[in-house]
Amino acid sequence: MSAVVADAVPVGGVGRRSVGWWGLVTLIATEAALFAYLLFAYYYILVQFGPAWFPERSPSLKLALPNTIVLLISSATIRWAERGMRRGARGMALGGIALTFLLGLAFLIVQLFEWKAKPYSLRSGSYGSLYFTITGFHMAHVTAGLVALLLLFVWCLKGYFDTRRHVPLLIGAAYWHFVDVVWLAVFFTFYLLPRLW
Amino acid sequence: MSTLDAHVIEPAPSSGVLEKIWATPPGILGWLASVDHKSIGKRYLVTAFLFLAAGGIEALVMRAQLARPDQHVVTPDQYNQLFSMHGMTMIFLYALPVLSGFSNYLWPLLFGARDMAFPRLNAASYWMYVAAGLFTYAGFAMGAGANDGWFNYAPNSERDFNPGLNIDFYALGMIFLGVSTTVGAINFVVTFFRMRAPGMSIEKVPIMTWGTLTASAANILVIPAVSVAFFLLWLDRQYGTHFFDVAGGGQPLLWQHLFWMFGHPWVYAVVLPAIGMTSEGLQTLCRRPLVCFEAVALATVATMVLGFGVWVHHMFATGLPALALSFFSGASIIIAVPSALAVFAWIATIWTGRPIITTAFLYFASVIVLFVIGGVSGFMTASVPVDWQLTDTYFVVAHLHYVLIGINLFAVAGGIYHWFPKMTGRLLDERFGRWTFWTMFVGFNLAFLPMHVTGLLGMPRRVYTYASGFGWDTLNLVTSLGSLVFAAGVLMLVIAVLRGLRNGAPAGANPWDAPTLEWSVPSPPPTYNFLEIPIVASRYPLWERTIDHGAARSRLRTELRLEAGRETLATSALDADIDLVMKMPGDTLAPLVLTIGMALAFVGLLLHLAWLTIAAALVTLAALVAWLWPQRELAQIAGAPR
């Protein structure tokens, strides 16, 4: 390789210039479309039947609202981990990842209780089918995020990342934010809309 | 620094160092682990042609059944499976994959790169395509192939009306194939924006890549619609949900919306890359730059943007409100404008150029004719009252075959004649090529032109047989005979390729005096593609001396040798300034293991074997973790140089 290229240009993925980051952006595009179509199915049927379709006009927020807050906090903690990594504070990064993982896990567990508390089921009608399928899809994405966080934690622990090279953390964090944003759409659709209509 | 201009083609000295770095080791394991885009591209092409043969045989059996009235060559149930598998095979397992084959092979060569952005993902995309294809065909082999038409309307595809595993094979197979297509599309989009040679700014990108880029961007957004539709249908069938059944508060029409939100953009996805190949081939063989290059590129994108808003024209007969019909009818008529733009640009290119009538040229020129016929019949059915008369008749069947065979298969055949010399270093026989072309062209029109009349006379599509006396008898016989001639033409194409592989004349690097970078490297290209990454200064790097491009001079011999491991350049998205030296992954079995894991998981879902699904999901996960694990040689670990 010539000196011209060697001096100025980084080798391998660095930050948002990395090709992997572009891969993630396109992945998020297709995943966002996936949830858009799922929600389209919900709104399409809602428009056909009107509010009579809602099995309950004021679904309980007792678990769902705190759980939403848990997920939002987890977005902040993963951001904190990123900041730590940029500064070279590995403890901060590890702590942030671990905290995010625990918050995500808590969200999943609370979701299971929430599922149990619902007065309808997957088979009771189209509303229940949509509720459990859409929240189930979201939980599957949270689970994938947890696996990613676990890997990031191990890689961070093994010292694979430094202030300059930590593209996987950028990617994992962005994916996690995306999963949180999707939840906000799901939460609005199933918990707020029946009250507002 | 060399001062050689790009148009001076001299055999680049081969590099032993690069050869060693990029070579795939011999043996079956090396073959299974290869991530070379050229191998993957060729595999895509061969596999797609095998599926074309399968779908073609299905069509011939149907034409035997329909050749005369009141025949019983197959049973009605077999006939249902034949037309469903035929449609599914041609549209999903042939039409897009064959174009992905060309794009996979050609893109890095067109862009001056050494591989696609994600080589392992590329391999995974191919394996998943094969596995998903085998999955759906396993159902067919067991007598449980898709049997509700390729668009599989609910509620007829619900379990009450369609018990058996037929639709489940189809549903899960399509979800599986959707993963393959999506990751392939992601790879194309990122490759387009990041892997172009330095200097190849966005306005200098070869015209043919715009089609695949547009199709891929669309696929990223629309594949989830069909995956969701099939998944919800599968839940309805297997787990008692109520998405599409009215009794449980569902909506059968939801299926049609989700399917066509995907389906119509998909129709463009399987023609736009072929349109790109046609543009590229025609300008080369007419010895002049494509007329209205920018407009054609923008029209490609515009077609797809409009293509997102026309899906309801498949649903004109479902009783939707008149306002919705008017809107979608208008959009479907307007979409003719960008399509026509490409047609006029091609005609002007031929008119003002100096065409060299090769077999490839004949195929590309025939695309124009068939596109116009298919376009006009499409334009007709965009009108709601006309559609009400013609929907679900053979007129629509004729229309879609003109579009799909006319713009896809004829462009693909042209592409084979045009790029086979690059892929193999050998030319195809031109004399036999003419015979092949005319056999295909005559056979195709003999089969499908009369079919318009069959439809106008009211013959519904997908009927198992028909009584004599409707005026359909002769037309159907002609169509059946034409389909035999057409099939013979396709067989001749395969024979031409096999003969070319054995004893085609040596091609040299640039037999067509073509302008783009893939022709600057030897045929077939070395494993590393480019000895040195070229620096591009114009749209037609190899034509800079023959057409007026001012002082622009691209350079093929540069200092960008990049031989410290598998390396290529990543450049900025619009200006193509050098951004990174990319460390490219070597051969690995991870994509194949991942695919096997996924395939077994789908089998587990199909047969309700929870243990198999879970075990297979763990295999998939393990392959993914091994794949993603940071590697020092890919500069993914702290402290890697620079």
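The expected span of a helix is 1.5 Å times one less than its number of residues. The exercises below apply this and related ideas to a predicted model.

**Exercise 1. Work out how the span of helix H19 of chain B compares with the expected span, and which side of H19(B) is buried.**

Step 1. Helix H19 of chain B runs over residues 610–628 and has 19 residues. From its first C-alpha to its last it reaches 27 Å, which is close to the 27 Å expected at 1.5 Å a residue.

Step 2. Taking buried to mean under 20% relative accessible area, we find that the buried residues of H19(B) are B:Leu612, B:Thr613, B:Ala616, B:Thr620, B:Ala623 and B:Trp627. They cover an arc of only 95° around the axis, and therefore lie on the same side of H19(B).

Step 3. The spacing can be understood from the helix itself: an α-helix has 3.6 residues a turn, so residues three or four places apart point the same way.

Step 4. On the other side of H19(B), the exposed residues are B:Ala610, B:Trp611, B:Ile614 and B:Leu618. The buried residues, for their part, pack against helix H5 (119–141) and helix H18 (590–607) of chain B.

**Exercise 2. Describe the contact between chain A and chain B, and find the salt bridge that the two chains share.**

Step 1. Chain A brings 52 residues to the contact and chain B brings 57 residues. The area buried between the two chains is about 4,600 Å², and carbon and sulfur atoms give 71% of this area.

Step 2. Between chain A and chain B there are 13 residue pairs in polar contact, both residues being at pLDDT 80 or more, and the count of salt bridges between these chains is 1.

Step 3. In that salt bridge the side chains of A:Arg17 and B:Asp579 meet, at 2.7 Å from N to O. A:Arg17 counts as partly exposed because its relative accessibility is 38%, whereas B:Asp579, at 12%, counts as buried. A:Arg17 and B:Asp579 also belong, together with B:Arg194, to a network of salt bridges.

**Exercise 3. Determine which parts of chain B are linked by the salt bridge between B:Arg539 and B:Glu294.**

Step 1. The closest N and O atoms of B:Arg539 and B:Glu294 are 3.1 Å apart.

Step 2. The pair links distant parts of the chain, 245 residues apart: B:Arg539 lies in the loop between helix H17 (473–503) and strand S1 (567–571), while B:Glu294 lies in helix H10 (residues 293–307).

Step 3. With a relative accessible area of 16%, B:Arg539 is buried, but B:Glu294 counts as partly exposed at 47% relative accessibility.

Technical notes: Residues numbered from 1 in each chain as written. Chains lettered and ligands numbered in written order. Predicted model: local features only at pLDDT ≥ 70, side-chain atom pairs only at ≥ 80, totals over all residues. Heavy atoms only, no water. Helix = DSSP H or I, 4+ residues; strand = E, 2+ residues; numbered from the N terminus. Buried < 20%, exposed > 50% of the residue type's maximum accessible area, 1.4 Å probe, protein only. Arc of directions from axis to C-beta. Contact = heavy atoms within 4.5 Å. Buried area = accessible area lost by both parts, 1.4 Å probe. Salt bridge = Lys/Arg side-chain N within 4 Å of Asp/Glu carboxyl O. Polar contact = N/O pair within 3.5 Å; in protein donor to acceptor, adjacent residues only side chain to side chain.
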